[in-house]
Amino acid sequence: MKERDAHFRHILLYYFRKGKKASQAHKKLYAVYKNEALKERQCQNWFAKFRSGDFSLKNAQRSGRPIEVDETHIKAIIDTDRHSTTLEITEKLNLKEIDLTQRINICDSLQKLNEINPFLKRLITGDEKWIVYNNVNRERSRVMQDEPAKTTPKAEIQQKKDSVSLVGL
């Protein structure tokens, strides 16, 4: 917890115990600290916490995405054994079972979302690819009976080259 945040939380607790409202506490903080002050919504959240009887000034443990793992550590594991499975890598990184179950839950929710709105069909996987669009040539001209027809590109379409970045799943 940053020292500045702890300072603001002490001030908020002081104003809460004085019977002030969150908006009043925010105005007082802003008058002194200007843009460094907490946002009004943050003040409201802390006041709600105080009203529930929790006067702890530390942040609550957050759920959600697990702590990031050092990428170099993962690469080192893979470099030592290129045939490592994801389960073996997670064991070596000491990931907790709750982290794994959260990842499974996320995958399940994405699968259910795909059943409702099939977004996976719109994804293209692979590497970067350069695509050259060629104009369709047409044989449309008036020539004598024995002469070959002249081919011309379709009107208002020019040859162009686009880069397509493809996403790997």
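**Packing of the N-terminal helices**

In this predicted model, helix H2 (residues 22-33) packs against helix H3 (residues 40-51) with the axes 9 Å apart and at an angle of about 130°. That angle makes H2 oblique to H3, because it falls outside the parallel, antiparallel and perpendicular ranges. The crossing of H2 past H3 is right-handed. On the H2 side, the residues involved are Ala22, Ser23, Ala25, His26 and Leu29, and they meet Glu40, Cys43, Gln44 and Phe47 of H3. By class, this contact of H2 with H3 is made up of five nonpolar residues, three polar ones and one charged one.

Helix H2 also packs against H1, and here the axes come within 10 Å and cross at roughly 140°. H1 is therefore oblique to H2. This crossing, too, is right-handed. From H1, the residues His7, Phe8, Ile11, Leu12 and Tyr15 reach Ala25, Lys28, Leu29 and Tyr33 in H2. The contact of H1 with H2 counts seven nonpolar residues, with one polar and one charged residue besides. Two H2 residues are worth following from one contact to the other: Ala25 and Leu29 are listed where H2 meets H3, and again where H2 meets H1.

The picture comes together in the nonpolar core. The largest such core holds 15 residues, and those touching the most other members are Leu12, Leu29, Cys43, Phe47 and Phe50. Helices H1 (3-17), H2 and H3 are the elements that give two or more residues to this core. The leading contributor is H1, which supplies five residues. Several of these well-connected residues have already appeared above: Leu12 and Leu29 take part in the contact of H1 with H2, while Cys43 and Phe47 are on the H3 side of the contact with H2.

Phe47 deserves a closer look. Once its neighbours within four places in sequence are set aside, Phe47 is in contact with Leu12, Tyr15, Phe16, Lys20, Lys21, Ala22 and Ala25. Of these partners, Leu12 and Tyr15 belong to the H1 residues that meet H2, and Ala22 and Ala25 to the H2 residues that meet H3.

Turning to the protein as a whole, the model contains six helices and four strands. Along the sequence, these elements follow the order α-α-α-α-α-α-β-β-β-β. Of its 169 residues, 17% count as buried. Among contacts with a separation of 6 or more, 54% come from residues 24 or more positions apart.

Conventions. Residues are numbered from 1 along each chain as its sequence is written. This is a predicted model: local features need pLDDT of at least 70, side-chain atom pairs count only at pLDDT 80 or more; totals for chains, interfaces and linings use all residues. Side-chain values use heavy atoms; hydrogens and water are left out. Axes are lines fitted to C-alpha atoms, for helices over the stretch in contact, and angles run from 0 to 180 degrees between N-to-C directions. Angles under 35 degrees count as roughly parallel, over 145 as roughly antiparallel, 65 to 115 as roughly perpendicular and the rest as oblique. A crossing is left-handed if the near helix is turned anticlockwise from the far one by less than a right angle, and right-handed if clockwise. Contact means heavy atoms within 4.5 Å. Ala, Val, Leu, Ile, Met, Phe, Trp, Tyr, Cys and Pro count as nonpolar, Asp, Glu, Lys and Arg as charged, and the others, Gly among them, as polar. A nonpolar core is a set of buried Ala, Val, Leu, Ile, Met, Phe, Trp, Tyr and Cys residues joined through side-chain atoms within 4.5 Å. Buried means under 20% relative accessible area, exposed over 50%, partly exposed in between (1.4 Å probe, protein chains only).
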